[in-house]
Each structure stands twice: as structure tokens, then as C-alpha cells.
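Student: I should like to learn how the fold and the ligand surroundings of a protein model are read. Where should one begin?

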Amino acid sequence: MILNFVASMLIVECTRISLCSIVSSLFSGFATMTVVPYKDKTTGKREQIAEMFDNVSPKYDLLNHVLSAGIDIYWRKKAIKLLQKEKPQTILDIATGTGDFAIEALKLNPKKIVGVDISEGMLAVGREKIKKLGKENVIELRTGDSAHLPFSDNSFDVLTASFGVRNFENLLLGLTDMYRVMKPGGTCVILEFSKPKTFPFKQLYNFYFRYILPIIGRMVSKDTSAYTYLPESVQAFPDGNDFLKIYEQAGFKHTKCIPLTFGICSIYVGKK
Ligand SMILES: C[S@@+](CC[C@H](N)C(=O)[O-])C[C@H]1O[C@@H](n2cnc3c(N)ncnc32)[C@H](O)[C@@H]1O
């Protein structure tokens, strides 16, 4: 009975994904990402994203690790390791949220890490974690929008962003300003969800993302939209080569995509 249900949901999922790919290839303008969490509100994506992350911030870390079975920790470690040979002294972590990527970047032994985010709720949780670690002298969390970063050109040795760029209101604008504040010769490492392409991972992943994750997310976070927005935004996000095209349009050079865990997540590396 349960197997029958799962099998029929997988068939529905396969059909839905094929239709989605046809529709998204017809409308391939990715620079402005129009999937929003609260469809009945008239506020813009940036405001809705800040509101959603403020709402889920007290439960964000817990949900992150539970919903990914802890694999997000491994993804962040893997991405930060790529920066080891750069020996960066200054790091800017974009869309830092509760600071997990910035905290992982402490392993690079830099003088300064600055994390920016548009959600005050997420930053408040992050500041508490950094205080507990006694690392306030190294990591500073500031309010800031990726599209208008409050830093002068060529300020940071490296840039990082984990699970943030998918939420930008305008992806190209955000990436372009990230490029602006990075020093020539610097490296940018972006970690983001992507869509597995092969059977059966594609179908299993979509089944989990569409039917299981929103239920758990809704129960724990109490925000009915946040964990429906997650699969929808991943589906609409230009991943793999589509992302690399926009990355290069923003100025980044020698770009590459490193898929992780059957392509559930990808690391995008770019140089200035
Ligand atoms: C899924 S969380 C990721 C947080 C953290 N980087 C991590 O790995 O757990 C996405 C974060 O992106 C932030 N964000 C979305 N759009 C942003 C923007 N335009 N500028 C800065 N932060 C943004 C959100 O407020 C949220 O905290």
C-alpha cells in the first residue's frame, strides 16, 4: 500500500518535472528570480525573504541539520577547503544567515571575516553563536544587501556564500556587486542547491523536497510558506552551466561547477 503510494507519487513527480523543464526552457530569463514565499502579499522578493528568514530564524539551524540529515555540514566543510591554499586574510560571507559558513571559514585562519545578511533575526542568532565561541574579534556580522554591499571596490581576499544566492531578488545584480568588492586575484566560492539529473536520485530528491520536507518544515518552524518556497526556489534556480553563464556575465573568470552528493548541491568557483 505505502509502496504503491510512493510509486504513484514518483510517476506524478516524473511527469511534473518534465513539464517544468519544458516551461522553464521556454522562459529562460533567470536574472530576476520571481519565486516568492508569500504569494498573497504585494511586497517585493527582498522584503518577503527577510520576513521569512526572520520568522524561521529561531529554528533555522535545527531544521537545516535535520532536513539535510547533517549533510549540509559536510558541504560547507568541502567548500571552505577549496580556499585553503589562498590563505585569505579577509573574507566576506554573503547571505551569512546564522553564520555557519563564516564560522567554518575560521579554519582558514583569517584576520577578519565579515558576514552580511538582510535578516536581522538570522544575524541575531549568528551573533549569539559567535559570542559563545569567543570569536567576536574575528567575525563581524552586519546588515547588508548583496545588491548594494556597503564596502568599497576590491576590499576582500575571498568571498563565500552558502544557500543564499538562490534567494536574491536579482541574481545578476547580486553577483556583480560581489565581484566588485573582491580583490583582483581573489576567489569566490558559492554553495547552492541544484537539481540531480539522473534516475533515481532526481525522482527521490523531488519526492522528498516536494512532499516530505515542507511537512516537517511547517511543523517545526510554524511558517507555512517557508518550506514550500524552498523546493519551488530550487526548481526555478538556474543551476550548473546556466549558473556559470550568469556568474561570468557578472565578471567572474575561470568559473567551474563542482556537483556534490548526486548533484543535490553544487559548489561554484569563480576568480577575479
Ligand atoms: C538559506 S539561508 C543561508 C544562511 C547561511 N549562509 C547558511 O549556510 O546556513 C539564506 C540567507 O540569505 C539571506 N539573503 C537573501 N537575500 C539576500 C540578499 N539580497 N542580501 C543578503 N542576504 C540575503 C537570507 O536573509 C538568509 O539568511
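Tutor: One may begin with the contacts of the chain. In this predicted model, residues 24 or more positions apart make up 71% of the protein chain's contacts with a separation of 6 or more. The chain contains ten helices and seven strands, and 40% of its 272 residues count as buried.

Student: How many residues apart along an α-helix point the same way, and why?

Tutor: Residues three or four places apart point the same way, because an α-helix has 3.6 residues a turn. Helix α4, residues 71-81, offers a case: Trp75, Arg76, Ala79 and Ile80 are its buried residues. Viewed down the axis of α4, these fall within an arc of 125°, and they therefore line one face of the helix.

Student: What covers the buried residues of α4?

Tutor: The cover includes α5 (100-104) together with the strands β4 (156-162), β5 (182-193), β6 (253-260) and β7 (265-271).

Student: Turning to the ligand, how many residues surround it, and which are the closest?

Tutor: The ligand is surrounded by 24 residues, of which Ala95, Gly97, Ser119, Ser146 and Ser162 are the closest.

Student: Which element supplies the largest share of that shell?

Tutor: Helix α2 does, with four residues. At least two residues of the shell come from each of α2 (45-56), α5 and β2 (112-117). Helix α5 thus appears in both settings: it is part of what covers the buried residues of α4, and it contributes to the shell around the ligand.

Student: How does the shell divide into nonpolar, polar and charged residues?

Tutor: Eleven residues of the shell are nonpolar, nine are polar and four are charged.

Methods
Residues are numbered from 1 along each chain as its sequence is written. This is a predicted model: local features need pLDDT of at least 70, side-chain atom pairs count only at pLDDT 80 or more; totals for chains, interfaces and linings use all residues. A residue is buried if 20 or more other C-beta atoms lie within 10 Å of its own, exposed if 12 or fewer, and partly exposed in between; C-beta atoms are placed from the backbone. The arc is that of the directions from the helix axis to the C-beta atoms. Two residues are in contact if their C-beta atoms, placed from the backbone, lie within 7 Å. A residue is near a molecule or strand if its C-beta atom, placed from the backbone, lies within 6 Å of it. Ala, Val, Leu, Ile, Met, Phe, Trp, Tyr, Cys and Pro count as nonpolar, Asp, Glu, Lys and Arg as charged, and the others, Gly among them, as polar.
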